[in-house]
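Pull up the model and give it a spin before reading on. We'll go from the whole chain down to a few individual residues.

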Amino acid sequence: MNDNPFQLNLVEVMNAETGFEHSFKLSGKLEDDEEIHFIDDIKMNISVTRVGDGLMADGKILTKTELTCNLCGKPFEMKIDLGFSRYLSENPEDEYVIDKEWHFDFSQIARDEIILSLPIKIVCNNCRGV
Ligand SMILES: [Zn+2]
């Protein structure tokens, strides 16, 4: 688990008072998804703020992917550059859960946000006529 570059120890922020903010830069490989082939490291700039019972994580995700066009079936490159804002908590029923040792794996957020950002129909620039 320790060699996961997206896993952060958030104890410092969790022990801080409401409003405390800390920034991180993460970078590493993400395993390919069914539809997505990552051809570059995933870079994340994250700012976490202590709020209520958890943390608010805001940031950016940058990478390059290779996708397969749904129309012509050819692979093409797509740059990912997106922002996110997610709530992390210690409540096991929440979507993004900080574990008992106050570790959190930000690759969950990277993967979810990248998948969410893709259009339902993935079409390359040639087919789109750009
Ligand atoms: Zn195409």
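Let's count two residues as in contact when their C-beta atoms, placed from the backbone, lie within 7 Å. On that basis, take the contacts in this protein with a separation of 6 or more: 56% of them link residues 24 or more positions apart. Bear in mind that you're looking at a predicted model. Its pLDDT averages 94, and 98% of the residues score at least 70. Confidence is highest in β4, at 98, and lowest in helix α3 (residues 125-128), at a mean of 90.

Now for the overall layout. There are three helices and seven strands, and reading along the sequence you meet them as β-α-β-β-β-β-β-β-α-α. The C-alpha trace spans about 55 × 25 × 25 Å along its principal axes. Of the 130 residues, 19% are buried.

So what sits inside? The largest nonpolar core has 20 residues, and those touching the most other members are Leu 10, Met 44, Phe 106 and Ala 110. Two or more core residues come from each of β4 (42-51), β5 (54-68) and α2 (107-117), with β4 giving the largest share, four residues. Met 44 is a good one to click on. Leaving out residues up to four places away in sequence, Met 44 touches Leu 26, Gly 59, Lys 60, Ile 61, Phe 106 and Ala 110. Two of the names on that list, Phe 106 and Ala 110, are also among the best-connected core members.

Lys 60, another of the residues touching Met 44, leads us on to strand pairing. The bridge partner of Lys 60 is Gly 83, in β6. Strands β5 and β6 (residues 75-88) run antiparallel and are joined by 14 bridges. They form a hairpin with six residues between the strands, where Gly 73 takes a positive phi near 75°. While you're tracing these strands, remember that side chains in a regular strand alternate between the two faces of the sheet.

Follow the chain past β6 and you come to Glu 90, in the loop between β6 and β7 (103-105). Is Glu 90 buried, exposed or partly exposed? It counts as partly exposed, because it has 14 C-beta neighbours inside 10 Å. Not counting residues up to four places away in sequence, Glu 90 touches Asp 53, Gly 54, Val 97 and Ile 98. Glu 90 and Lys 100 are 10 residues apart in sequence, and their C-alpha atoms are 7.7 Å apart in space.

Note on methods:
Residues numbered from 1 in each chain as written. Predicted model: local features only at pLDDT ≥ 70, side-chain atom pairs only at ≥ 80, totals over all residues. Buried ≥ 20, exposed ≤ 12 C-beta atoms within 10 Å, placed from the backbone. Core = buried A, V, L, I, M, F, W, Y, C linked by C-beta atoms within 7 Å. Pairing = 2+ DSSP bridges. pLDDT = per-residue confidence, 0-100.
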